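Please work through the exercises below with the sequence and the three-dimensional structure at hand. Try each task yourself before you read its solution.

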Amino acid sequence: MGHNMLGVLPRSRLWRDVVGLLDTGAADSDVVAASARAAEKDMLRAGDDPVFVEAVRLLLNIPLAARSEDFGQALRDIGLTVGNRPELLDLVASAAERLDTVRRETRSRSDLGEIAARALTRTLSSSMGDTLPSLFGATPDDVQAVARRMSWSKGISGFTREFFGSLVSGTLSYWLDRTLAVQIGEGRRFPSATARNAFDSELDRFSSEATRIIQEFSSGWYGKTLHGKGGFGTGDAATFGAVALKKTVSELRARGAKDV
Amino acid sequence: MFEAVARVGGRTQPVVVRINGQQPTFRLATDSLEKKALLDLHPALLDLMEIAATVFAADGAIPRGGPTRPNMGEDWYRRFDLEIPVRNPELWQRTEVAAALCEAVETLTGDSVSFRFMPAEPGPLQQRYLDFDPAGATFRADEVLLFSGGLDSLAGALERLATTSSRVVLVTHRSAQKVIPRQVRLGQYLADRFSGRVLHVHVLARRVEQAAADSTQRSRTLLFSALGQAVAQAFGARRIRFFENGIVSHNLPLSPQIVSTMATRTTHPLALTNIRRLMQLVVSDAAPIENPFQWSTKSEVVSRIHEYGAASQIPLAVSCTSIREQDKLYTHCGACTQCFDRRFAILHAGLAEHDPDEIYATDVLVGERLSERSVTMAVEWTRHALRLGKLDEKGFMESFGHEASRILRGHSDLPPKTALELTLKMHHRHSRAVHDVLENVLRERAADLVAHRLPETSLVRLHLGSGDALLQQVPEYLRRQFIREPNGDGDEVDEIDEVPQPGAPLRVRFYIDEGSHVVDVIGLASVTGRSARVPHALKPSFDEDRRNGVAPEDHQYRVGTTLPDLTDMNKGTIRKLVQRCRKQLAEEYRQLHGEPPPNTC
C-alpha cells in the first residue's frame with residue numbers, strides 16, 4: 001500500500017508572513033525571498049548533517065577522480081561502488097548508494113540529508129548529462145571526459161553552484177509545496193495548477209542567482225585546497241560546505257531585503 | 001516468556017515488548033487453523049517472527065513528530081537500540097545477518113536501528129503463533145500469497161489461481177475491524193471459485209491495550225514476510241508473493257515536500273530485496289519473496305481482475321487506508337493517493353460500473369475537497385503523474401535520481417540500464433493513463449466546467465480550469481531545472497586550477513547579468529547587486545588612468561554622486577556600499593587564506 005504523508009507549514013511569524021504574501025498576490029520573487037528568510041536557520045543546519053557533508057565531499061572528489069588514468073579505481077578510492085569503466089548511470093546510482101551508507105553508518109538522518117542527496121544526484125545527472133549525447137548513449141570515456149572538465153577551475157565553479165542551487169530550491173520547495181496547492185482556483189494566486197509552473201521557474205531562477213555568490217570562491221578554494229592538500233577529505237568538505245551555505249544564505253537574505 | 005526491550009533515542013523509558021504469554025504488550029496469532037502443519041517451524045524462523053514483531057511493536061509505540069516536521073524532520077527519524085532474546089544468538093550476531101536485518105528495517109522505516117541478541121531462556125521451542133490443528137487435514141501449498149484484500153492482491157490471487165494449478169495460502173493481516181468482513185468475503189470467493197486450492201489464514205498482530213502512537217506501520221512488511229515464510233514452511237510452499245503494482249511499489253515522491261519514508265516503501269523493490277536476502281541468510285531453504293506486478297501499472301493490474309472474470313468483486317476490495325473515515329456507505333475517502341490510484345486505474349480500465357461513485361466520501365474527480373490536505377493531494381498526485389510522462393531517462397534521473405538509485409538496487413538481478421528503462425516505461429504508461437482519464441473528462445464534462453457547475457476544489461477543476469479559463473487540453477507540468485547561465489565558451493575549458501596566493505594581485509571581471517551588476521574577483525568572490533554598482537561606476541575612470549599610465553596614488557578623485565551611474569544615490573548610501581564591498585571582500589579573503597588581506601580594497 002503506498003501511503004504518502006504531507007507536511008504542514010509551521011505557524012511561526014516568518015511562515016505566516018509567507019502565507020500572507022501568497023494570499024495578497026505579492027510578486028513571486030517576494031514570496032520566494034520571504035520563504036528563504038523563513039527557511040534560513042534550517043538551511044544553515046545542513047552544515048552539521050553528515051549526509052550533506054558527504055554529498056559535498058563527493059561533489060568535490062568525483063570530478064577530481066576523473067583526472068586519474070584509472071577513473072574506476074579513483075572512484076572506488078573515494079568510496080563509490082563502481083566497475084572499471086563506469087557510465088553516468090553507474091556514477092549517479094553509486095553516489096546515491098554511498099549517501100545511504102553514510103546515513104546508516106552515522107545513524108544520522110534528517111530531511112536536509114535527503115534534500116542534499118537529491119541535490120547531488122540532480123547535479124550529477126544534469127551538469128554532466130547535459131554535455132553528453134544521452135544518458136544511455138554516452139560511453140565511459142565520454143563520462144570521464146565530462147567529469148574531468150568539471151574538475152578544472154571553470155567547471156568546478158559551475159558544478160558546485162548547481163549543487164547549492166538545487167539544494168536551495170529543493171529546500172524552499174520542501175516548505176512552500178505544503179501550501180501552494182491551496183492557492184489554486186479562480187480569484188486566487190494561481191487560476192489553475194499550470195500557473196504554478198511559472199512560480200516554480202521563479203523559485204529555480206532565484207535559487208540559481210543566489211548561488212552566484214559562491215562561484216568564484218568555489219574555484220579558488222578548490223584549487224588552493226587541492227594544491228595544498230592533494231585532495232578533499234570529510235573535514236575539508238565540511239568546511240567548504242559550511243562556508244558555501246553561509247554565503248548562500250547571506251545572499252538570500254540580501255535578496256530578500258530587496259538589496260539588489 | 002518472550003520479552004524484548006527497545007531503547008529509543010531521546011527517551012528515558014524503553015519500550016518493553018512481550019509477545020503473547022503473561023501480561024503481553026503485543027499479540028501475534030493466527031485464527032485457529034483446521035489444518036495441520038507439515039513441518040515444525042525452523043527455530044530461526046521463530047526468532048525472525050519475534051524480531052519482526054518486536055520491531056513492529058516498537059515502530060508503533062513511538063510517534064514520529066508533528067506534521068510541521070520541526071528541526072527538519074528530526075523526530076521522524078527515530079533511533080532504536082533493540083535487545084532481543086533469540087534461540088540462536090550466534091546466527092543473529094553474525095555480521096552479515098545483523099547488517100541485512102538493519103538494512104531491511106531501515107529501508108522500510110527510515111529509522112536507525114541496532115540489535116543486541118541474547119540467549120532466550122530455556123523453554124518450549126514452539127510458540128503458538130500459528131494455531132494449527134494437529135488432528136486436522138493436510139494442506140500442501142505451492143505458494144503463499146500475502147493478501148491484503150485490496151485490488152492488487154485480488155488480481156494477483158486470481159492470476160495465480162486462474163492461470164496455474166497452484167494451491168495457495170492467502171495470508172491476511174487483520175488490521176482493522178471495518179475491513180475484515182470484506183477480506184473474509186474475498187477470501188471465501190476465491191476458495192469457492194477455486195475449490196480445494198485456497199486456504200485463507202488470518203493473522204492478528206496488534207499492540208495490547210494501547211493504540212499505536214504511530215499508525216503508519218512502516219515495518220509491517222518485515223513482519224508479514226516473516227509470517228508468510230513461516231506459513232510457507234508449515235505448508236510446504238516454495239514461493240511467497242506480494243502483489244503490488246509497480247507505481248505504488250516505487251511510490252516516488254509526489255512533490256519536493258515528501259522526503260524519505262514520508263512515502264512508504266511497503267513493497268519497494270529494495271525493501272523486498274533486503275528481506276529476501278535476510279531470509280536466505282537465516283533460513284537455508286527460505287522461499288523467495290516476489291512481486292509479480294512490479295512492472296505493471298495499477299490500471300494494468302485492475303484489468304486483470306476483469307480478464308479473470310471477477311470484476312463483480314471490485315467493490316469488495318478496499319484500497320483506502322484512511323480507516324477512520326470509512327463507514328458502511330463510504331469505503332474510500334477519495335482524498336488519499338490510494339483512492340486516486342484506484343479510481344484513475346478503474347476509469348482507465350473501463351470498469352467504472354464496478355466502482356460506484358457512491359463508495360467515495362469525496363468523488364475523486366469532481367467532488368468538492370474540503371480540507372487543505374485533500375486539495376494538496378489532488379494537485380500534487382496529478383501533477384506528478386502527468387509530469388512523469390514527459391521525462392526521458394536523463395530527466396527522470398534529474399528529478400528522481402536518489403529514488404531511482406534505490407529502485408535499481410532493488411533490481412540487482414538486472415543491468416541498471418534495463419531496470420531504468422523498465423521503470424521509465426511503466427511510469428510513462430501510468431502517466432498516459434492519468435492523461436487519458438483527464439482527457440475523457442475534458443470531453444465529457446466540458447459543459448459543466450465552462451458553466452462552473454463543478455466544485456472549485458474538485459480535482460478536474462484544479463487542473464483543467466473552468467469558465468473562460470478552461471484549458472483546451474490536459475495541462476503540461478514542467479520538470480524542475482536548475483537555471484544555468486549560458487556558457488559562451490562552448491565546451492572548451494582551460495585545464496587550469498585557480499590557485500589564489502595570499503598577497504597576489506587580484507584579477508577582476510566586470511559584467512552585467514540580467515540587469516544586475518556583478519564584479520567577480522577571480523578565485524575569491526563575486527560582488528553582486530548594489531554593492532557592485534560603485535566599482536562599475538568607477539571603472540571607466542580607472543581604465544582611463546591605467547591607459548594613460550597614471551600611478552595608482554595619482555588616480556583621479558571622483559565624487560560618487562557625480563558619476564553618471566550613481567545619480568540615484570546620495571553620499572551616505574555610496575559610502576555604505578563601498579564599506580559593504582570592502583567588508584565582503586576582506587571576509588572572503590580571510591575565509592580562503594585564513595588571514596586578513598594585506599590592504600583594504
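The exercises that follow go from the confidence of the model to its domains, its chain contact, a sheet, some helices and a few loop residues.

This is a predicted model, in which local features need pLDDT of at least 70 and side-chain atom pairs count only at pLDDT 80 or more, while totals for chains, interfaces and linings use all residues. Residues are numbered from 1 along each chain as its sequence is written, and chains are lettered from A and ligands numbered from 1 in the order in which they are written.

**Exercise 1. Confidence**

Task: State how the model and chain B score.

Solution: Begin with the term itself, since pLDDT is the predictor's confidence in each residue, from 0 to 100. Chain B averages a pLDDT of 92, and 96% of the residues score at least 70. For the model, the scores are ipTM 0.96 and pTM 0.94.

**Exercise 2. Domains of chain B**

Task: List the domains of chain B, and describe how domain 1 of chain B touches domain 2 of chain B.

Solution: Take the bounds to begin with, which come from an automatic or database domain assignment: chain B is divided into domain 1 (2–290), domain 2 (320–480) and domain 3 (508–593). Next, find the C-alpha centres of domain 1 and domain 2 of chain B, which lie 30 Å apart. Then collect the contact, where two residues count if their C-beta atoms, placed from the backbone, lie within 7 Å; 16 residues come from domain 1 of chain B and 18 residues from domain 2 of chain B. On the domain 1 side, the elements giving two or more residues are α8 (246–250) and α9 (269–282) of chain B, where helices (H or I, at least four residues) and strands (E, at least two) are DSSP runs, numbered from the N terminus. Lastly, sort that side by class, which gives 10 nonpolar, five polar and one charged residues; here Ala, Val, Leu, Ile, Met, Phe, Trp, Tyr, Cys and Pro count as nonpolar, Asp, Glu, Lys and Arg as charged, and the others, Gly among them, as polar.

**Exercise 3. The contact between the chains**

Task: Describe what chain B brings to its contact with chain A.

Solution: Start from the totals, which are 88 residues from chain B and 80 residues from chain A. On the chain B side, helix α13 (residues 393–409) gives the largest share, nine residues. Divided by class, the chain B side holds 34 nonpolar, 30 polar and 24 charged residues.

**Exercise 4. A sheet in chain B**

Task: Follow the strand order of the open sheet of six strands in chain B, and decide whether the faces of β9(B) are covered or uncovered.

Solution: Write down the order, β3-β10-β9-β8-β11-β12 (chain B), with mixed pairing; two strands pair if DSSP finds at least two bridges between them. The edge strands are β3 and β12 (289–290) of chain B, each of which pairs on one side only. Now look at two of the pairs: five bridges join β3(B) to β10 (residues 198–207) of chain B in an antiparallel way, with B:T30 opposite B:V203, whereas four bridges join β8 (residues 143–146) of chain B to β9(B) in a parallel way, with B:V144 opposite B:V169. For the last step, a residue is buried if 20 or more other C-beta atoms lie within 10 Å of its own, exposed if 12 or fewer, and partly exposed in between, with C-beta atoms placed from the backbone. Both faces of β9(B) are covered, with B:V168, B:L170 and B:T172 buried on one side and B:V169, B:V171 and B:H173 buried on the other.

**Exercise 5. Two helices**

Task: Compare the expected span with the model for α7(B) and for α5(A).

Solution: The expected span of a helix is 1.5 Å times one less than its number of residues. For the 16 residues of α7 (residues 220–235) of chain B this gives 22 Å, and the end C-alpha atoms are 22 Å apart, which agrees. All of this helix is enclosed to a large extent, because 16 of the 16 residues of α7(B) are buried. After α7(B) comes B:G236, whose phi is positive, near 75°. Helix α5 (residues 88–106) of chain A has 19 residues and reaches 27 Å, close to the 27 Å expected; 14 of its 19 residues are buried, and just after α5(A), A:R107 takes a positive phi of about 55°.

**Exercise 6. Loop residues**

Task: Place B:N20 and B:E121 in their loops, and say how exposed B:N20 and B:E121 are.

Solution: B:N20 is found in the loop between β2 (15–18) and β3 (26–30) of chain B, where its phi is near 55°, a positive value in a residue other than glycine. With 18 other C-beta atoms within 10 Å, B:N20 is partly exposed. B:E121 lies in the loop between β6 (112–119) and β7 (137–138) of chain B, and counts as exposed because it has 9 C-beta neighbours inside 10 Å.
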